[in-house]
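Student: Please take one part of this model and go through it closely. I would like to know what surrounds it and how it fits with the rest of the chain.

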Amino acid sequence: MTDQAAIRQGTLDMLILKALSLQPMHGWGIAERIQQLSRDVLTVPQGSLYPALHRLEARGLIVAEWRPSEDNRRAKYYSLQPAGRGALKEEQADWRRFMQAVQLILES
């Protein structure tokens, strides 16, 4: 990740919730999905990803369970909870309002 592409903590939480809204995934899969969806602009370091996953789990927004991965290894899969869907919806609305405000300033 470049310095310009650093992800703020609240933004990372929102991106994780968005990735998990698509399907349950293990940590590595979440990081890959975020990178893929951002067209390689955003990468999530493991040192930021796992604390965020623990934080979201502690808030009851996601749950984790151990199960076999695609390559038959044991992996911790995370899935979005109903409270997580609600939080994602709120975060997306806040983010859109923020982007519109910045755009108004830049275009003034």
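Tutor: Ile62 is in contact with Leu17, Leu20, Leu53, Leu56, Glu57, Tyr78, Ser79, Leu80 and Gln81, leaving aside residues up to four places away in sequence. This is a predicted model, so these contacts are computed from predicted positions. Ile62 is also among the residues with the most contacts inside the largest nonpolar core, together with Ile16, Leu17, Leu20, Ile30, Leu49 and Leu53. That core has 21 residues. Two or more of them are given by each of α1 (9-22), α2 (27-37), α3 (46-58), β3 (74-80) and α4 (82-106). The largest share, six residues, comes from α1.

The strand β2 (62-68) begins at Ile62. It belongs to an open sheet of three strands, in the order β1-β3-β2 and with antiparallel pairing. Both β1 and β2 stand at the edges with a single partner strand each, so one side of each has no neighbour in the sheet.

At the other edge, β1 and β3 pair in the antiparallel sense over two bridges. His26 has Tyr77 in β3 as its bridge partner. Strand β1 covers residues 25-26 and includes Met25. Met25 is buried, because its relative accessible area is 5% and the cut-off for buried is under 20%. Setting aside residues up to four places away in sequence, Met25 touches Ala19, Leu20, Ile30, Arg33, Lys76, Tyr77 and Tyr78. Leu20 and Tyr78 are also on the contact list of Ile62. Between the C-alpha atoms of Met25 and Leu88, which are 63 residues apart along the chain, the separation is 17 Å.

Ile30, one of the residues touched by Met25, is buried in α2, as are Gly27, Gly29, Ala31 and Ile34. Just after α2, Arg39 has a positive phi of about 55 degrees.

The helix α4 gives residues to the core, and Met99 is placed in this helix. Met99 is partly exposed, because its relative accessible area of 42% falls between the 20% limit for buried and the 50% limit for exposed. Along with Trp95, Phe98, Val102 and Leu106, Met99 makes a nonpolar surface patch of about 480 Å². The two methionines thus give a contrast: Met25 is buried, whereas Met99 is partly exposed.

Definitions and conventions:
Residues numbered from 1 in each chain as written. Predicted model: local features only at pLDDT ≥ 70, side-chain atom pairs only at ≥ 80, totals over all residues. Heavy atoms only, no water. Core = buried A, V, L, I, M, F, W, Y, C linked by side-chain atoms within 4.5 Å. Buried < 20%, exposed > 50% of the residue type's maximum accessible area, 1.4 Å probe, protein only. Helix = DSSP H or I, 4+ residues; strand = E, 2+ residues; numbered from the N terminus. Contact = heavy atoms within 4.5 Å. Patch = residues over 30% accessible without salt bridge, like charges linked within 9 Å, V, L, I, M, F, W, Y side chains within 5 Å. Areas by Shrake-Rupley, 256 points an atom, 1.4 Å probe, with all protein chains shown as cover. Salt bridge = Lys/Arg side-chain N within 4 Å of Asp/Glu carboxyl O. Pairing = 2+ DSSP bridges.
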